[in-house]
Amino acid sequence: MSTPLDRPFDLLIGGSETPGTRGERAPVKNPASNEDLAPVAVGHADDARHAMEVAQAAFEGSWWASDDGGRRAKALWKLAGLLEARLEEFARLETLNMGKTLKEARGDMGFVVRSIEYVAGLADKVEGETVPVPGARLDYTIREPFGVTVHIAPWNYPLLLAIRGVAPALAAGNAAVLKPASLTPLTAIAFGRLAKDAGIPDGILNVVAGPGGEVGEALVNDLRCKSVSFTGSGDVGRRIAELAARRTIPATLELGGKSPVVVFPDADLDRAARGIAFGIFGNAGQMCWAGSRLIVHDSIHAALVERVAKIASAMRLGPGIAPESEMGPLVSPGQLERVAEFVESARSEGGQVRTGGARASAGELAQGNFYPPTIVDDAPPSARAVREEIFGPVLVVHPFASTDDAVRLANATDFGLFAALWTKDLATAHTVARRLEAGIVCVNEAPVTFPQTPFGGFKQSGLGFEQGSEVVRSYTRRKNVVVNLSVPKPKG
Ligand code: NAD
């Protein structure tokens with residue numbers, strides 16, 4: 001199916017497409033070539049406020065919040081079906097705009113479909129409780145939608161991470177306003193266009209693209225915003241938390257990571273090497289939960305690094321849209337520069353580059369933002385590349401001598417999103433999983449998550465969670481109702 005990229009990608013407010021109050025459009029780029037891809041409307045603060053007003057009116061005036069969850073479930077199932085029917089088109093659009101390989105984009109779109117279906121199944125199960133209280137009273141709780149919820153998404157999984165907040169908020173009966181990342185707004189806008197055909201009332205799902213500082217802050221500062229979900233960098237996340245605190249509204253924050261992968265001497269090294277490579281070179285390493293620090297037992301250090309390096313050096317770089325490409329470009333020239341600087345700093349701080357380590361610029365790669373899979377061994381713990389999130393295909397390696405050593409190294413980070421460990425020993429697996437300070441732990445598996453499993457970070461990696469069976473309830477507020485049942489005694 002072709003993708004109509006010549007059609008502008010406008011803001012979606014109240015079921016209508018609009019270039020915004022200023023009528024401004026700017027092109028987004030294809031990171032494989034840095035050529036213009038499609039014109040996108042640039043929203044501003046007044047567009048953000050307009051979207052909030054329209055969303056509030058739809059929340060109050062449409063059936064969405066007032067009808068039972070079963071009707072919402074049907075609309076969401078339909079939405080998932082519409083996306084599934086056009087999965088290939090959406091995957092291609094994601095690849096062209098973000099750079100990831102088509103295989104990865106297809107996987108993302110499948111995850112989005114399944115996520116919407118999952119929360120659709122929860123839409124009519126947002127139950128309250130009856131609470132035993134003293135005396136002749138009935139006490140019960142009700143779960144109500146917040147009203148208008150705001151969702152701010154990053155560029156690395158553009159549609160997947162946008163929908164991760166939007167879909168459960170809609171299932172709970174809220175009206176949502178989504179701000180996609182400025183670099184990658186195409187699939188979010190294309191997705192918003194499906195809402196009408198799914199039978200979702202106009203104004204319940206709105207998409208406002210535009211500069212984050214202006215549009216994002218205008219959305220969160222708007223008095224009609226009753227909850228915000230944010231996925232992105234720590235600095236912006238803390239800013240959102242500050243704004244949300246001033247307004248006393250809940251904020252879910254999914255932030256960065258510097259995740260450890262601990263490999264014990266009894267691990268299956270071939271499987272571990274494949275999992276490690278997938279966990280750091282997938283999506284060109286632009287993953288919040290990338291396993292970016294390999295912590296490996298002394299006795300298998302050389303053998304494992306050799307295996308991972310072999311996989312890394314064989315990976316074929318190329319435009320994500322080309323079927324033979326195994327790794328696409330980084331999202332932007334800025335991201336390319338950032339990754340290159342981190343590798344240079346690791347080198348100058350004593351790290352040994354085992355593979356990769358310089359921008360890929362052979363042939364057509366020179367036009368895009370390509371950086372090859374890179375392994376840096378023996379960088380000191382104080383090195384920037386060891387402490388900070390790089391958000392690129394760069395693995396740093398540290399040897400360990402004992403289990404305590406491994407756990408100490410793994411936890412020696414400000415982040416706590418994800419950790420992996422590889423061992424055949426059951427006791428090691430479970431005891432170390434408990435000791436790792438991370439919201440998600442994978443044992444003998446590359447990073448994996450499902451719509452039904454909670455996803456959230458400890459420490460500087462975030463606050464709250466997405467996904468899992470509680471997620472729809474997390475977009476509701478709880479009200480307690482107490483009813484006095486005592487019947488007055490008749491007089492006389
Ligand atoms: P970013 O923080 O720069 O931007 C994220 C979003 O916030 C974008 O839509 C942006 O326009 C918007 N924004 C920017 N400034 C804003 C402001 N002042 N107010 C409101 N919104 C604002 O992040 P990014 O570069 O798009 O994404 C990369 C980061 O996201 C990495 O740190 C990565 O680890 C993190 N991330 C986390 C998860 C997770 O689930 N924990 C998932 C993916 C990415």
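Visitor: Leaving aside neighbours within four places in sequence, which residues is Gln335 in contact with?
Guide: This is a predicted model. Gln335 belongs to helix 13, residues 333-348. Once neighbours within four places in sequence are left aside, the residues in contact with Gln335 are Trp155, Gln286, Leu330, Ile390 and Phe391.

Visitor: Is Gln335 buried or exposed?
Guide: The relative accessible area of Gln335 is 9%. Buried means under 20%. Gln335 therefore counts as buried.

Visitor: Which residue has its backbone oxygen 2.9 Å from a polar atom of the side chain of Gln335?
Guide: Among the contacts of Gln335 are Ile390 and Phe391. The backbone oxygen at 2.9 Å from a polar atom of the Gln335 side chain is that of Phe391.

Visitor: How do helix 5 and helix 6 pack, roughly parallel or roughly antiparallel?
Guide: Helix 5 covers residues 102-122 and helix 6 covers residues 158-171. Their axes are 9 Å apart and meet at an angle of about 10°. Angles under 35 degrees count as roughly parallel, so helix 5 and helix 6 are roughly parallel.

Visitor: How many residues of the contact of helix 5 with helix 6 are nonpolar?
Guide: Helix 5 contributes Asp108, Met109, Phe111, Val112, Ile116 and Val119. From helix 6 come Leu159, Leu160, Ile163, Ala167, Pro168 and Ala171. One residue of this contact is charged and none is polar, and the number of nonpolar residues is eleven.

Visitor: Where is Val150, and is it buried or exposed?
Guide: Val150 sits in strand 6, residues 148-152. Its relative accessible area is 0%. Since buried means under 20%, Val150 is buried.

Visitor: What distance separates the C-alpha atoms of Val150 and Ala251?
Guide: Along the chain, Val150 and Ala251 are 101 residues apart. In space, the distance between their C-alpha atoms is 9.5 Å.

Visitor: Which residues come nearest to the ligand?
Guide: There are 28 residues around the ligand. Of these, the ones that come nearest are Ala153, Arg164, Ser233, Leu255 and Glu389.

Visitor: Which residue has a side-chain N or O atom 2.5 Å from an oxygen atom of the ligand?
Guide: In the side chain of Lys179, an N or O atom is 3.0 Å from an oxygen atom of the ligand. In the side chain of Glu217, such an atom is 2.9 Å from a nitrogen atom of the ligand. The residue with a side-chain N or O atom 2.5 Å from a ligand oxygen atom is Ser233.

Key
Residues are numbered from 1 along each chain as its sequence is written. This is a predicted model: local features need pLDDT of at least 70, side-chain atom pairs count only at pLDDT 80 or more; totals for chains, interfaces and linings use all residues. Side-chain values use heavy atoms; hydrogens and water are left out. Axes are lines fitted to C-alpha atoms, for helices over the stretch in contact, and angles run from 0 to 180 degrees between N-to-C directions. Helices (H or I, at least four residues) and strands (E, at least two) are DSSP runs, numbered from the N terminus. Angles under 35 degrees count as roughly parallel, over 145 as roughly antiparallel, 65 to 115 as roughly perpendicular and the rest as oblique. Contact means heavy atoms within 4.5 Å. Ala, Val, Leu, Ile, Met, Phe, Trp, Tyr, Cys and Pro count as nonpolar, Asp, Glu, Lys and Arg as charged, and the others, Gly among them, as polar. Buried means under 20% relative accessible area, exposed over 50%, partly exposed in between (1.4 Å probe, protein chains only). A polar contact is a pair of N or O atoms within 3.5 Å; within protein, one must be able to donate a hydrogen and the other to accept it, and residues adjacent in sequence count only if both atoms are side-chain atoms. A residue is near a molecule or strand if one of its heavy atoms lies within 4 Å of it.
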